[in-house]
Every structure is written in C-alpha cells, then in structure tokens.
Amino acid sequence: MSISRRNFLRGVGIGCSACAIGSFPPGALARNSPESIKGKTTLTPSLCEMCSFRCPIQAQVINNKTVFIQGNPNAPQQGTRVCARGGSGVSLVNDPHRIVKPMKRTGPRGSGDWQVISWEQAYKEIAEKMTAIKTQYGPQGVVFSSKSGSLSGHLFHLATAFGSPNTFTHASTCPAGKAIA
C-alpha cells in the first residue's frame with residue numbers, strides 16, 4: 001500500500017485534532033462564556049441526581065435557565081470534572097417533553113391519553129390508593145423504594161409511619177445499612 005505525503009499529513013492533522021478535542025471535559029466546547037451571552041450569569045452549587053453517587057456540581061445559570069453543568073471546583077476529589085451522565089443533566093432539565101406537572105392517565109394503558117392534574121389532586125389520589133392497599137393487604141402490601149443517598153431517609157420515615165417494613169434503595173440496602181437477603 002502506498003500513501004502520498006499529502007494524505008499522510010492530512011491523516012496526522014485529523015488525528016491530532018481528534019485527540020485535542022477529546023482532551024476537553026464533556027460539554028466544554030459547548031459551554032457559554034458569560035461575556036458572550038446577554039443576561040445575568042450565576043454559578044449555582046448543587047448535587048448531581050443522575051446516579052446514586054451524588055457528585056458535587058455547579059450549574060451555570062443564565063437568565064434563570066441552566067445552560068451548563070460542571071463539577072464543583074471546591075470538591076478536591078473531582079475539581080471541575082463531571083461524567084457524561086452528569087453533564088447531560090442540562091438536556092434533562094431543558095427537555096421540552098419533560099414532565100413537570102402531575103398527570104393522570106385518561107385512556108386505557110398504552111394509549112398515551114393523559115391529562116394534567118393539580119398537585120393537591122395527585123396527593124389525594126395517591127393517599128386514597130395507598131389507604132385502600134393498606135386496608136385490603138396490610139401495610140406490608142406497599143414497598144417504598146429510593147435511590148441511595150442522604151435524602152432516602154425521608155422516604156423510610158414515611159414507610160415507618162405507614163407501617164411498612166418493605167424499604168430498599170438503589171444500592172439494595174435497608175435504612176439500617178444491612179444488606180437485603
């Protein structure tokens with residue numbers, strides 16, 4: 001196989017460009033610089049909810065809209081790095097099809113027929129359904145599941161108040177930290 005000098009240099013240039021671009025953190029090329037966008041820019045510290053690790057992050061917010069997520073530089077273990085899943089949180093937050101209000105199915109299962117309901121109605125219907133299950137099958141008829149992390153304790157307190165011993169997290173442990181058999 002023979003290769004011309006021109007094709008060799010073209011391949012080297014393309015390869016070097018790919019390596020240079022690949023060395024940037026996820027989303028770095030798409031990050032908006034505060035100078036290039038009109039409006040108020042803030043960096044808001046938070047925790048990533050895309051998995052159970054709860055990595056510390058910072059969200060770049062411009063005009064009350066999240067436009068970029070990076071690792072929190074005050075977290076020495078990761079700096080401004082964030083995994084691809086965490087960086088994609090911007091797409092999740094800004095997805096035009098994201099459900100942000102309670103919805104109730106109005107047609108048969110699988111029909112795709114839904115209506116928006118109020119939070120009050122949603123909570124009332126959930127409470128009624130849980131009470132009906134508890135009356136018919138006992139409190140153990142309801143299972144409470146949560147991602148692991150600092151906020152899962154609230155759900156387990158609810159389970160205890162409800163009377164259900166059935167709790168687990170994404171990590172498959174109970175609130176006491178004992179593995180579920």
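In the predicted model, Ser146 is placed in strand β6, which spans residues 144-146. The relative accessible area of Ser146 is 18%, and the residue is therefore classed as buried, the cut-off being under 20%. When neighbours within four places in sequence are set aside, Ser146 is in contact with Ser152, Leu155, Phe168, Thr169 and His170.

One of these partners, Ser152, belongs to helix α5, which comprises residues 152-162. Ser152 is likewise buried, with a relative accessible area of 9%. Beyond its neighbours within four places in sequence, Ser152 is in contact with Ser146, Lys147 and Thr169. Thr169 thus appears among the contacts of Ser152 and also among those of Ser146. Phe168, a contact of Ser146, is 16 residues from Ser152 along the chain, and the C-alpha atoms of Ser152 and Phe168 are separated by 9.2 Å.

The pocket analysis concerns another set of elements. The largest pocket of the model has a volume of about 230 Å³. Its lining is formed by 14 residues, of which Glu49, Ile57, Ile69, Gly89 and Val93 are the closest to the pocket centre. Two or more lining residues are contributed by each of strands β1 (41-47), β2 (56-62) and β3 (65-71) and by helix α3 (89-94). The largest share, 3 residues, comes from α3. By residue class, the lining of the largest pocket consists of 8 nonpolar, 4 polar and 2 charged residues.

Methods:
Residues numbered from 1 in each chain as written. Predicted model: local features only at pLDDT ≥ 70, side-chain atom pairs only at ≥ 80, totals over all residues. Heavy atoms only, no water. Helix = DSSP H or I, 4+ residues; strand = E, 2+ residues; numbered from the N terminus. Buried < 20%, exposed > 50% of the residue type's maximum accessible area, 1.4 Å probe, protein only. Contact = heavy atoms within 4.5 Å. 1 Å grid on protein atoms, 1.4 Å probe; cavity = no way out; pocket = protein on both sides within 12 Å on 5 of 7 lines; lining within 4 Å. Points joined across faces, edges and corners; volume = space filled by probe spheres on them. Nonpolar A, V, L, I, M, F, W, Y, C, P; charged D, E, K, R; others polar.
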